[in-house]
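Here are my notes for you to read beside the structure. Please take the points in order and find each named residue as you go.

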Amino acid sequence: MARATAPVFLARVSYRRRRLADAARMVPVLGSILFVLPLLWPEGEAGTAAGLIYIFAVWALLIAIARLLAPWLGRSGAAAEELGEGRGEGRAEEGR
Amino acid sequence: MPPFNALVAAAIAYVAFLFAVAFAAERRAARAGRSAWLRSPLVYTLSLSIYCTAWTFYGAVGYAARSGLEYLTIYLGPTIVMTGWWLILRKLVRVGRSQRITSVADLISSRFGKSTPLGVLVTLLAVVGVTPYIALQLQSITLSFAVFAENAGGEAMDLGGVALWTAAGLALFTVLFGTRNLDANERHHGIVMAIAVEAVVKLGALMALGIFVVWGIGGGLGATLEAIDASPIAEWQQDHGRWIGLTFLSAAAFLTLPRMFQVLVVENADERHLATASWAFPAYLAAMSLFTVPIAVTGLAMLPEGSNPDMFVLTVPLAEQQYGLATLSFLGGFSSATSMVIVATIALSTMVSNHIALPLWLSLRRPGATVSGDVRALVLVARRLAIAGLLALGYLYYRLSGGGEALAAIGLISFAGVAQVLPVMIGGLFWRGATKVGAGAGLTAGFALWLWTLFLPGLGTDAAIPLSVMEQGPFGLGWLRPQALFGIEGIDPILHCTLWSMLFNTGLFILGSLLTFPQPVERLQGAQFVNVFEHAAGATTWRQSAAQAEDLLIMAQRIVGAAEAQAIFQGAAAAQGKAGYLPDVTPEFIQALERELSGSVGAATAHAMMGQMTEGVSVSVEDLMAVADEAAQIMEYSARLEAKSDELERTARALRDANAKLTSLSAQKDAFLGQISHELRTPMTSIRSFSEILREGGVGPEVQSRYAAIISEEAERLTRLLDDLLDLSVLENGQVVLNRAEAPLRRTIERALGAAGSRAEGLRILRRPGEEDIRVMTDHDRLAQVFINLIANAGKYCDSARPELRIEARRAGEAVLIDFIDNGTGIAPEHAGLIFEKFSRLSDHARAGGAGLGLAICREIMERLGGQIAYLPGQGGAAFRVTLPARPLGGA
């Protein structure tokens, strides 16, 4: 099945944009790990107050990252498509 | 202490304010078309806050007072989903916009081939899961009123009345602003604006209370943190399973709750708003939950043992005599409850009307009849009835359940229920192999397991499932005990349900998809969903356009309203380059129209309605295939007709040509006779006159001999002419017998040069004998006759001072080419077409010394030999090309 050949090398700008999209995909993974981490704390040592501070610190971190990424990713619909979403995932499954 | 009536007045004033906001927003949207601030990312973000219902507003504090930080999981899930918007939400919103999805049921139905049963299944699941949730909101409003009533020291009030009035008021508001119009985009400006305002009110109320608790009562941040560590919930002790499980559930519910889908996807005006909401909404959630623990800790410390922690948000400020703050908190809770109920009922009523009421109505009608009656009115009535019905159901549920602890647990039960849609939703968005059968199997299994393990037992002990079944299992089958499937006991009920239902749901979905083959519409929709970012061109689903534009316009007017429908049709007509309102009914147009309509009544219904219009019956996939077959047949038939008419055309043209040829032949015959009598008479005249002079005598012997020579010469010319004529006639009638033999071309040329003899005198012949070694199977005597003629012609007509004739022979594929090129002035282009005609002579008669039949005979001979002779222009002199087939074609 003929697959659309994607360019091997990208211009610096497009390359950066794609990595930004990769970063955006990683944010929920990071969030999940950090939010689950307190479960590994030894019992009895840390209290609710510490937990509260930790969770809200992680929360603020995630908000800050999303805030940083948002203007780049949400700039325009065209830019989003340029980022090459959907390549590889399911496209070649049933070639048209 | 505020009098209770003042509180009621405040609530009513607040509701009136919301009416005004919604009304103003509707007016503005209608007037300005699209107002910038009305549809800003901020409003979008705030509208998402309907995730925070009264359950989170009041309940979170109670939750924290009971089990510490676990309440946070309810917010962590949505935070992860929102910050990871690039992964799922972006695609969901794009699909929702491009496919004009109206609800979560529509999404599933549309993805799996616009399936009506799937739409019904998801609608049922949503109604069963969300109705108790609505009851919970009514309960919270009633409870909050009760707190004030109790505080005011009043006698026991009829709190059921409060719930009833609230339900009625909400129904009125929702009907007014939720079913005002049947927007093609299913957007509700008024309601979105109202819930955005409510979002600000509830956040403001909670923040104000939090600040009061931390700095007003607690004595600052440090003191509050110390108070937390000294409180009964100081221990950091989390149930690992619940922490992860509830985070997952809240994340899943954030995507699949009908009301969340409504504000996230359906009401989304611009995809870029999602980028803003990705950080702004988590920030809102963080702010909402920031003061939950301090309020809980303060309440636990301050209020007497046994007071309801769910109401701390009200009882703490009341105990501190902060009546203004208490009223604000009350309005915040009221906002949370009402906004949730409004959006949830809109979302559910859309699902009920599009996936249950309309298909039912369509199936009840006689197939074949055109759509009659006002569908628009029908849809609106269905929605209004659904809204009223859902609120009545919620109220009924609240009354019957008694509004106790059982109801408080319904939040998570509801989450677990709607989360059953998640596997199918994600699978549908990212996996093209997902099929309708798989989705149906997964959803059914998940729905059934959720009912059995969580929902029915959650209705209360002995309420729906007898105690004996809970303890021993149905029919004594221990492994089917609702809270201990397969004999595994001791798991938290929520986790137990989530684990098993998700396992079977996802498993059956994948298995069913792997084992079945999707139907064409499913595959089409699958491609459009999964590859939504590649601008998958709308594949053609409608091949036959039996529908008339006018009928379609009438139907569209009934569904989306006259003005809107006319605008759509006019636009389509303009795009086709036509004036007026009636475009050509092309498959593209039908598809576009169906998409517009699906924005109002859902994909499956729109498809079925278009089916009735275009085919006269509701369309199943099989029908669609039949249509495609029929179209193929018609195409084949028309292709046959076309072929036939082509053939007729060809015949007619051949007849015309034949007629023209006959006419010209008849003219030629006349000309030929005239020409031949002239050619014969000239020598006859001279023969006769000279022979008469000789007969009279009296001429000298010298003169006599000269006259006799003239007579003989003229007679010879006559004979030659007659020979030529005879030869030509034989050739033209095809009576000639060819003596084919294989011989090299060189010999034939040499023979011709020899025979030309005196006629080629003075002519320099240029040859390359090496190239003439081509063996040809032909009649070499006849071919030599052609060559002789050409050589003699060159000798006769070449007007160069040093006449030359080049003879070139070569093979060109299956043909052999022999060129005779002299260095004279050649033949003018306008005469080149005439030289092969009989009696055509370009130069003067005397010099030619022939009747002008030579080239005509050459042409006839070449035709008989299966080749041709042609004049070759542009060679620097007269040039003739003789073309011969290397092997002869056929006989004769």
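1. Across all chains of this predicted model, the structure holds 20 salt bridges. One of them joins the side chains of Glu271(B) and Arg94(B), with a N to O distance of 2.7 Å. Glu271(B) sits in the loop between helix H13 (258-266) and helix H14 (272-290) of chain B, while Arg94(B) belongs to helix H6 (residues 89-98) of chain B, so this pair ties together parts that are 177 residues apart in sequence. Are the two partners buried or exposed to some degree? Glu271(B) has a relative accessible area of 22% and is partly exposed, whereas Arg94(B), at 9% relative accessibility, counts as buried.

2. A second salt bridge is formed by Arg746(B) and Asp773(B), whose closest N and O atoms are 3.2 Å apart. Because Arg746(B) lies in helix H32 (residues 745-756) of chain B and Asp773(B) in the loop between strand S2 (764-767) and strand S3 (775-778) of chain B, the pair ties together parts that are 27 residues apart in sequence. Both residues can be looked up at the surface: Arg746(B) is partly exposed with a relative accessible area of 31%, and Asp773(B) is partly exposed with 46%.

3. Arg764(B) and Glu804(B) also form a salt bridge, in which the closest N and O atoms are 2.9 Å apart. This pair links distant parts of the chain, since Arg764(B) is in strand S2 of chain B and Glu804(B) is in strand S4 (residues 804-812) of chain B, 40 residues apart. Arg764(B) counts as partly exposed at 43% relative accessibility, and Glu804(B) is partly exposed with a relative accessible area of 23%. In addition, Arg768(B), Glu771(B), Arg806(B) and Glu808(B) are joined into one network by salt bridges that share partners.

4. For chain B as a whole, the secondary structure comes to 36 helices and 7 strands, and 53% of its 892 residues count as buried. Of the contacts between residues at least 6 apart in sequence, 79% join residues at least 24 apart. Helix H20 (residues 410-418) of chain B is largely enclosed by the rest of the structure, because 9 of its 9 residues are buried; among them are Ile410(B), Phe415(B) and Val418(B).

5. Turning to the outside of chain B, its accessible surface comes to about 37600 Å², of which 59% belongs to carbon and sulfur atoms. A nonpolar surface patch of about 1200 Å² is made by residues including Phe475(B), Trp479(B), Phe504(B) and Leu515(B). Phe504(B) is found in helix H24 (residues 493-515) of chain B and, at 33% relative accessibility, counts as partly exposed.

6. Chain A calls for a more cautious reading. Its pLDDT averages 69, and 60% of the residues score at least 70. Among its elements, helix H2 (residues 48-73) of chain A has the highest mean pLDDT, 85, and helix H3 (residues 77-82) of chain A the lowest, 42. Over residues 76-96 of chain A, pLDDT stays under 50. Where pLDDT is low, the predicted coordinates should not be read in detail.

7. An unreviewed UniProt entry lists residues 20-41 and 47-70 of chain A as "transmembrane region". In the model, residues 20-41 of chain A are 77% helix and 0% strand, with end C-alpha atoms 32 Å apart. Residues 47-70 of chain A are 96% helix and 0% strand, and their end C-alpha atoms are 35 Å apart.

Methods. Residues numbered from 1 in each chain as written. Chains lettered and ligands numbered in written order. Predicted model: local features only at pLDDT ≥ 70, side-chain atom pairs only at ≥ 80, totals over all residues. Heavy atoms only, no water. Buried < 20%, exposed > 50% of the residue type's maximum accessible area, 1.4 Å probe, protein only. Helix = DSSP H or I, 4+ residues; strand = E, 2+ residues; numbered from the N terminus. Contact = heavy atoms within 4.5 Å. Areas by Shrake-Rupley, 256 points an atom, 1.4 Å probe, with all protein chains shown as cover. pLDDT = per-residue confidence, 0-100. UniProt positions renumbered as here; feature names shortened; annotations may be inferred. Patch = residues over 30% accessible without salt bridge, like charges linked within 9 Å, V, L, I, M, F, W, Y side chains within 5 Å. Salt bridge = Lys/Arg side-chain N within 4 Å of Asp/Glu carboxyl O.
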